[in-house]
Structure formats: C-alpha cells, structure tokens
Amino acid sequence: LVLASIFLVSACAGLAWTFLEAVGLASGLAPDQVHKAIGASAVPTVLVCLCMPALLRRGWALSSGTVLLSVCAAGALLLATPLTPWTFAVGATAFTGAWMASGVAQYAMLPGFDPVGRHIALIPACVGIGSAVGSLVGGGLIDSSSAFGVAYDISAIFAVLAIVSMLAAHR
C-alpha cells in the first residue's frame, strides 16, 4: 500500500506538471514571471526536504507524510480555483514542496514494512509509471475547455487516495 501511495503521488505530480506553466500564464503572469515563480517554489521545497531527516528520526513518517500529502492536495485545489498570480504562486509552492517532501516520508516508511528490501526496489518503477499515468491523464485533458480545474481536481484526488493508501498500510 505504501507503493500504491508512491504511485498515486507520482500520478498527482505528473498530472499537475503537465499544466503548471499554462496555469501560470492563465493567472496573468508573463512567461518569465511564471518561470521565476516555479523556480522560487523550489526554495521552500529544499528547506522542507532538509528538515525531513529530523522528522523521520523522531518516527514522524506517517504523520508528516499525511500532513504533507494534505498540503499537496490543498495546493492542487488552489491551482484549480479562479487563477490570480497569488493563487498560482501559493498553490505551486504548496504543491511542489509538499509533493517532494511527502515522497521522502513515504520512502522512509518502506523499511518498516519490508526489512528485506524487495518492495523498496520497486520505488523507481512506481514513480516512473505514476508520473507517466499522470501525464497521460493530463494529455487527455489538455484539449478540454475546463482542463485546468479538472486536472487539478483529479490531482487532488490522487493525493487524497495516496493518503488513504499510506494510512491503510500503517494499520
């Protein structure tokens, strides 16, 4: 189930990244501003990921992963709302940072379920296939008239399903 959660988060991210630049442009930002906003969203992402080892050492993989996946879903929903430069910047930052850091928490949970490492070896496949599925869903939606809202609603659903899968694995 943790692998399913990793797959779902990767699908969430693959779908979201399909539309991120177009959403930024639709929010009223110029192309160079969109690129700067996406680049700036990496700064909090790096900071959160640097804090993850301390949280994980304290045994907070499940709780931090759940919170971060919730922030990821909220960021996706914010990107589905009426777009302004502010909603784009906040939504992209929340989504990107939470997506990356939740992955760290998910990866940290696997050794507790699989001390031998058989399932851990499947992480790259789950990430790759999940990203491809998310991009395929995004590609299918790209011609839709309301693609942004639908894409980010689906992305949020993927994040929520990842939470459910991760919580179910812990029981």
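**Exercise 1. Confidence**

Task. In this predicted model, determine in which helix confidence is lowest and in which it is highest.

Solution. Step 1: compare the elements. Confidence is lowest in α7, where the mean is 78, and highest in α2, where it is 92. Step 2: place these values against the whole chain. The protein has a mean pLDDT of 83, and 94% of its residues reach 70 or more. Step 3: recall the general caution. Where pLDDT is low, predicted coordinates should not be read in detail.

**Exercise 2. Fold and overall dimensions**

Task. State how many helices and strands the protein holds, and decide how its radius of gyration stands to the globule rule.

Solution. Step 1: count the elements. The secondary structure consists of seven helices and zero strands. Read from the N terminus, the order is α-α-α-α-α-α-α. Step 2: apply the rule. For 171 residues the globule rule gives 16 Å, and the radius of gyration is 16 Å, so the protein is as compact as a globular protein of that length. Step 3: add the extents. Along the principal axes, the C-alpha atoms fill a box of roughly 50 × 30 × 20 Å. Step 4: consider burial and contact range. Of the 171 residues, 42% are buried. Among contacts between residues at least 6 apart in sequence, 81% join residues at least 24 apart.

**Exercise 3. The largest nonpolar core**

Task. Identify the residues that touch the most other members of the largest nonpolar core, and the helix that supplies its largest share.

Solution. Step 1: list the most connected members. The core has 44 residues, and I6, F19, L20, F88, F95 and Y152 touch the most other members. Step 2: assign the core to helices. At least two residues each come from α1 (2–26), α2 (31–40), α4 (61–80), α5 (85–113), α6 (123–141) and α7 (147–170). The largest share, 13 residues, is that of α1. Step 3: follow one member in detail. Beyond neighbours within four places in sequence, F88 is in contact with L20, V23, G24, S27, L29, V34, A37, I38 and L79. Step 4: set this beside the general tendency. In soluble globular proteins, nonpolar side chains tend to be buried together.

**Exercise 4. Aromatic pairs**

Task. Classify the ring pair of F95 and W99 as stacked, tilted or edge-to-face, and establish whether each of the two residues is buried, partly exposed or exposed.

Solution. Step 1: survey the pairs. The structure holds two aromatic pairs. Step 2: test the geometry of F95 and W99. Their ring centres are 6.4 Å apart and their planes lie at 25°, so this pair is stacked. Step 3: locate both residues in sequence. F95 and W99 are four residues apart in helix α5, and are therefore separated by about one helical turn. Step 4: compare accessibilities with the cut-off for burial, under 20% relative accessible area. F95 has 2% relative accessibility and is buried, whereas W99 has 21% and is partly exposed. Step 5: extend the group. Ring pairs join W17, F95 and W99 into a cluster. W17 also touches T96. T96 belongs to helix α5 and, at 7% relative accessibility, is buried; besides W17, T96 touches S41 and T45, residues up to four places away in sequence being left aside.

**Exercise 5. Two serines in helices**

Task. Decide whether S5 and S64 are buried or exposed, and describe the surroundings of each.

Solution. Step 1: place S5. S5 lies in helix α1 and, at 0% relative accessibility, is buried. Step 2: find its partners. A polar atom of the S5 side chain lies 2.9 Å from the backbone oxygen of A162. Excluding neighbours within four places in sequence, S5 is in contact with L69, Q106, A162, S165 and M166. Step 3: place S64. S64 lies in helix α4 and is buried at 9% relative accessibility. Step 4: list its contacts. Not counting residues up to four places away in sequence, S64 touches M52, L55, L56 and A105.

**Exercise 6. The loop between α5 and α6**

Task. Assign V116 and G117 to exposure classes.

Solution. Step 1: V116 is in the loop between α5 and α6, and its relative accessibility of 65% makes it exposed. Step 2: G117 is in the loop between α5 and α6 and is partly exposed at 22%.

Note on methods
Residues are numbered from 1 along each chain as its sequence is written. This is a predicted model: local features need pLDDT of at least 70, side-chain atom pairs count only at pLDDT 80 or more; totals for chains, interfaces and linings use all residues. Side-chain values use heavy atoms; hydrogens and water are left out. A nonpolar core is a set of buried Ala, Val, Leu, Ile, Met, Phe, Trp, Tyr and Cys residues joined through side-chain atoms within 4.5 Å. Buried means under 20% relative accessible area, exposed over 50%, partly exposed in between (1.4 Å probe, protein chains only). Contact means heavy atoms within 4.5 Å. Rings of Phe, Tyr and Trp (its six-membered ring) pair if their centres lie within 6.5 Å; planes under 30 degrees apart count as stacked, over 60 as edge-to-face and the rest as tilted. pLDDT is the predictor's confidence in each residue, from 0 to 100. A polar contact is a pair of N or O atoms within 3.5 Å; within protein, one must be able to donate a hydrogen and the other to accept it, and residues adjacent in sequence count only if both atoms are side-chain atoms. The radius of gyration is taken over C-alpha atoms; the globule rule is 2.2 Å times the number of residues to the power 0.38.
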